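This briefing is meant to be read alongside the sequence and the coordinates. Please keep both in view while working through the points.

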Amino acid sequence: MMAVYNRTPLQIAVVCVFILLALYLYTLHYSVGWLTPEAPIAPKPRSKPPSHHPPPAPCTCPNGSVLLKDHIPKDQYEELVKRRAKELQNHKARTTSVLSRLLFALPNSPLQYPIQGFTVRPLTSSLIPGLSLHAEHRSSYKVSLSVSKGVLTAESPTEGVKVQGDGESRLILESSSLLILNDLLAKVSYTSTVYHVHTGDLASFQFENHEAVFPITIKQPHLPVLYDMGTDISSHVTIATKTFLRYPQLKVLLSSIRRFYGNIEVVIADDSFEPEHIPGEHIRQYFMPPAQGWFAGRNLAVSQVTTKYFLWVDDDFVFKEETKIEKLVEVMEAVPELDVLGGTVQGNQFHFSLIYEEGEENDGGCLYRKSKGKFHSLPGYPQCFLADGVVNFFLARTDAVQRVGFDPKLQRVAHSEFFMDGLGSLLVATCGHVSIGHQPKTNNNKDATRYKSFRHPSSSDSEFKLQLHFFKNNLKCIRYG
């Protein structure tokens, strides 16, 4: 022990370094086996990952949900479920394709291929971009391509390449030169043999024990549908409304519109029992058979809009200083992905989110309409938030809403159902800086009593709506929160 105390500081430092080095080597040996020669670890055999999602499980209904099957007459339930299942399969046949199949890329593949964006027109030959092989030296290289909805063609095969299946659904290329093989791969074309406006194919690309599968989108191109915005708000927006037995309120609304927007077009769908013609410039009034209902009138009004946008208002609203249509148009033009943009009614910025769990197809899905639900704000517009549904005062992109439509089966009280049908199709937001007023309720109208009998639906109407959700939307349950 005395000998240690007599050593110089330099000697002590050297001893410490050797001790630390020994500890490091010891640790390294037992963590990675670097010091002793060991047999190399054989690579694990490749296993193909599953190419499909597991079958969906039944969804869980939120607390407070309405179980829709309880509202189906028992003697009709079994037959109704069969019809619903058949209709669901037809719907899936129209809306899904092989392009929705889940694909996995295996690690360390020598195959190069397009993973996204390869779109062809039906029955038209197109070069497959990006095909090539990156492999170490071999005496011969052999690859194959196969498809199911088309044929493959190798353009002008050169010497040194063996080609099998040219013009067929399976193409085999073999060469002793990787350079020549890749040159020919760059000239392989795909031609669909089945006409469809929007479908897809899956191409299999193989080399030795490597296989890659990539999607091919088969699609007819869309013609753009553009709207000439013109120079003023009247060429940007049409105001649309539906009226029924409320002519005094409608006249107040029209008067308030003309106070701020003298030339803007107003479209009125009218299903009153005793129609009254509303005179005035830039007013188009369309008469319907009596009491056709709320959504039928909305469909009619929106079908007659010729501008890029329409502003939906109820017939008992009233324009005021804060009703600045231009501010809504500004947001829609700045965020062109938006389809519907709501404002506030008398300070009420009613908005909601829709939480939908698809569930097992024969059981049906679960839907929760969550009041006040919203997502993040719009870039550059902190007063606006994305949502799934908004209040009855909104600016909308005409062609987008026409594609979704309003179900005319819903005659009395209906609003959220439009956004339910548009879930996944319509991008919706709500803004707090544009507002419209609401006229005070009055009973001075000679049709007020008659109107109330239609405004407040009977229990049979409510039952019908639940039955409609059960079949049309393939729902097991729904909750309004």
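The notes below cover sheet and strand pairing, a helix, a surface patch and salt bridges.

The model is predicted. Among its features are an open mixed sheet of 6 strands and a total of 14 salt bridges. Helix 4 spans residues 178–185 and has four named buried positions, Leu181, Asn182, Leu184 and Leu185.

**Open sheet**

- The 6 strands of the open sheet follow the order 3-12-11-6-9-8, with mixed pairing.
- Strand 3 (119–120) and strand 8 (161–164) are the edge strands; each has a single partner strand, so one side of each has no neighbour in the sheet.
- Strand 8 runs antiparallel to strand 9 (residues 170–175), and 4 bridges join the two.
- Within this pairing, lysine 162 has glutamate 174 of strand 9 as its bridge partner.

**Strands 21, 22 and 25**

- Strand 21 (residues 377–378) pairs with strand 22 (residues 381–387) in the antiparallel sense, over 2 bridges.
- Leucine 378 has tyrosine 381 of strand 22 as its bridge partner.
- The two strands, 21 and 22, form a hairpin with 2 residues between them, and glycine 380 in the turn has a positive phi of about 85 degrees.
- Strand 22 also pairs with strand 25 (residues 428–438), again in the antiparallel sense, over 4 bridges.
- For alanine 387, the bridge partner in strand 25 is valine 428.

**Helix 4 and its surroundings**

- The buried residues of helix 4 are Leu181, Asn182, Leu184 and Leu185. Viewed down the helix axis, these buried residues fall within an arc of 160 degrees, so they line one face of helix 4.
- Serine 177 caps the N-terminal end of helix 4, with a side-chain oxygen 3.4 Å from the backbone nitrogen of leucine 179.
- Aspartate 183 forms a salt bridge with lysine 187, the closest N and O atoms being 3.5 Å apart.
- Both partners are partly exposed: aspartate 183 has a relative accessibility of 37%, and lysine 187 has a relative accessible area of 29%.

**Nonpolar surface patch**

- Leu123, Tyr195 and Val197 make a nonpolar surface patch of about 310 Å².
- Tyrosine 195 is located in the loop between strand 10 (188–192) and strand 11 (198–207). Its relative accessibility of 49% counts as partly exposed, because exposed means over 50%.

**Salt bridges across the sequence**

- Lysine 308 and glutamate 333 form a salt bridge whose closest N and O atoms are 2.8 Å apart. Lysine 308 lies in the loop between helix 7 (294–303) and strand 16 (309–312), and glutamate 333 lies in helix 8 (residues 325–334), so the pair ties together parts that are 25 residues apart in sequence.
- Lysine 308 is buried at 18% relative accessible area, whereas glutamate 333 is partly exposed at 36%.
- Aspartate 407 and lysine 472 meet through their side chains in a salt bridge (2.8 Å, N to O). Aspartate 407 lies in the loop between helix 9 (398–404) and helix 10 (416–421), and lysine 472 lies in helix 12 (residues 459–472), so this pair ties together parts that are 65 residues apart in sequence.
- Aspartate 407 is buried, with a relative accessible area of 10%, while lysine 472 is partly exposed at 35% relative accessibility.
- Arg246, Asp315 and Asp316 are joined into one network by salt bridges that share partners.

Definitions and conventions. Residues numbered from 1 in each chain as written. Predicted model: local features only at pLDDT ≥ 70, side-chain atom pairs only at ≥ 80, totals over all residues. Heavy atoms only, no water. Buried < 20%, exposed > 50% of the residue type's maximum accessible area, 1.4 Å probe, protein only. Arc of directions from axis to C-beta. Polar contact = N/O pair within 3.5 Å; in protein donor to acceptor, adjacent residues only side chain to side chain. Patch = residues over 30% accessible without salt bridge, like charges linked within 9 Å, V, L, I, M, F, W, Y side chains within 5 Å. Areas by Shrake-Rupley, 256 points an atom, 1.4 Å probe, with all protein chains shown as cover. Salt bridge = Lys/Arg side-chain N within 4 Å of Asp/Glu carboxyl O. Pairing = 2+ DSSP bridges.
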